[in-house]
Amino acid sequence: MPKQRTGKNISILLTLSIVLVGLSILCLAMGSVAIPVKEVLLSLLGRNTEDSDLIIMQFRLPRILAALLIGAALAVAGSLLQGVIRNSLASPDLLGVTGGASVAVVGFMTLFTGYSIHFVPVIAILGAFVAAALNYGLAWKKGVSTLRLVLIGIGISTAMSALTMFLLISGPAYLAAQVLNWMTGSIYGTNWSYIQALWPWVVVFIPLALLFAKELNVQSLGEDVARGLGSRLQLSRLLLLFFSVALAGAAVGIAGTISFIGLLAPHMARRVAGHSYAMIIPVSALLGAIVLLLADLAGRMLFMPLDIPAGVFTAGVGAPFFMYLLFKRKAGV
């Protein structure tokens, strides 16, 4: 059985990886200027001498890589939150983490001009940490109750949304369109500077999350059982929240509030790969990247010449899915 399970896990990861690579090549080929797949492959190999090489390498490839990194970061952040809180409805959007990052970045954009893009993920993560720390502190009462985390997080998220709108209205008028586009969740105009600012956070914190997969499996059995098995519950919970906030904050700093990927991808991963976090985390990362790639492709292709933010499509799919989960849980209760 263990060998069969290992073989199945490898098959799932390999299949999703192939789908992701194929979809990425398709996204590089499609756009307002269609490019043959052969030229895309030659560009990736550094052997394309056509004019299309500029379009692929300087415009489309950074955007595709940003979608991969942001989708994976949001998905893993969501899976960690759901594991820590033991609530399948948890996501960075609903617990105030995304809201805190948004307030920090909008404030930074409206108060400072000529800033470097490398500062934005750091500012977003600081804002996300402030919101998460506020949530954690208010939820603490001889330990942190997951129910209190969720309820207080919803309140913080609402407050952060109001503060973001206040900053937007009170800021310079000429920045309003730029900030609104960012708030909707868009990777339009992403270049290599954005990738350089984002990839270190993803490369560091997703492997760290995988190291804690066993701890998440133990915590899923309940607090009493986890303590009985020797889990340092509060410390590990704090570290996992730290990883989740770092991933979500970095993603929001680059792409804005792309909602519901942190909710959708972990649910899909559990359907595909079972309930072990050693599989949920990498499968969530791959599925999150696929979902955001598809959303961005739809935004580029469906309403040409307009470029619709990917966040519009993730919200359009995610909001009904969230309602479905609510009604399903209510029916179960």
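# Notebook: a predicted helical model

**Confidence.** I began with the confidence values, and among the elements of the protein I found helix α10 (residues 223-228) with the lowest mean pLDDT, 70, and helix α13 (residues 277-301) with the highest, 94. This is a predicted model, and for the protein as a whole I noted a mean pLDDT of 85, with 92% of its residues at 70 or more. I keep a caution beside these values: where pLDDT is low, the predicted coordinates should not be read in detail.

**Helices α3 and α12.** I then looked up how helix α3 (residues 52-85) packs with helix α12 (residues 261-273), and I found an angle of about 75° and axes 7 Å apart. Angles from 65 to 115 degrees count as roughly perpendicular, and α3 and α12 are therefore roughly perpendicular to each other. On the α3 side the contact is made by Gly71, Leu74, Ala75, Gly78, Ser79 and Gln82, while α12 brings Ile261, Gly262, Leu263, Ala265, Pro266, His267 and Arg270. Sorting the residues of this contact by kind, I noted six nonpolar, six polar and one charged.

**His267.** I picked out one residue of that contact, His267, which is found in helix α12. Is His267 buried or exposed? Its relative accessible area is 13%, so I entered His267 as buried. Leaving aside neighbours within four places in sequence, I found His267 in contact with Gln82, Ser88, Phe321 and Leu325; of these, Gln82 is also one of the α3 residues in the contact between the two helices.

**The nonpolar cores.** Next I asked which residues touch the most other members in the largest nonpolar core. That core has 97 residues, and the ones I wrote down are Ile70, Val76, Leu80, Ile85, Ile281, Val283 and Leu293. Helix α3 gives the most to this core, with 18 residues. I followed Leu80 further and, not counting residues up to four places away in sequence, I found that it touches Ala209, Leu216, Leu240, Phe243, Ser244 and Ile281. Apart from the largest core lies another, of five residues, and among them are Leu89, Phe260, Leu263 and Phe322.

**Phe260.** Since Phe260 came up in the five-residue core, I looked at its backbone, and I found a positive phi of about 75° although this residue is not a glycine. Its place is in the loop between α11 (233-255) and α12. Buried means under 20% relative accessible area, and Phe260, at 15%, therefore counts as buried.

**Met304 and Pro305.** I also checked the peptide bond that joins Met304 and Pro305, which is cis, with omega at about 10°. Pro305 lies in the loop between α13 and α14 (310-332).

**Helix α5.** I looked up two residues here, and the earlier of my two entries is Ala131, which lies in helix α5 (residues 119-139). Ala131 has a relative accessible area of 0%, so it is buried. Not counting residues up to four places away in sequence, Ala131 touches Gly96, Gly100, Ile156 and Met160. I also noted the C-alpha atoms of Ala131 and Val97, which are separated by 5.8 Å although the two residues are 34 residues apart along the chain.

My other entry is Val122, whose place is also in helix α5. Val122 has 36% relative accessibility, so I recorded it as partly exposed. How far apart are the C-alpha atoms of Val122 and Gly253? They are separated by 7.6 Å, for residues that stand 131 residues apart along the chain.

**Helix α11.** In this helix I looked up Ser236 and Ile254. Ser236 counts as buried at 5% relative accessibility, and Ile254 is buried with a relative accessible area of 5%. Leaving aside neighbours within four places in sequence, I found Ser236 in contact with Glu215, Gln219 and Ser231. From C-alpha to C-alpha, Ser236 and Val97 are 18 Å apart in space, and in sequence they are 139 residues apart. For Ile254 I chose Ala139 as the partner, 115 residues away in sequence, and I noted 29 Å between them in space, C-alpha to C-alpha.

Note on methods: Residues numbered from 1 in each chain as written. Predicted model: local features only at pLDDT ≥ 70, side-chain atom pairs only at ≥ 80, totals over all residues. Heavy atoms only, no water. Axes fitted to C-alpha atoms, helices over the stretch in contact; angles between N-to-C directions. Helix = DSSP H or I, 4+ residues; strand = E, 2+ residues; numbered from the N terminus. Parallel < 35°, antiparallel > 145°, perpendicular 65-115°, else oblique. Contact = heavy atoms within 4.5 Å. Nonpolar A, V, L, I, M, F, W, Y, C, P; charged D, E, K, R; others polar. Core = buried A, V, L, I, M, F, W, Y, C linked by side-chain atoms within 4.5 Å. Buried < 20%, exposed > 50% of the residue type's maximum accessible area, 1.4 Å probe, protein only. pLDDT = per-residue confidence, 0-100.
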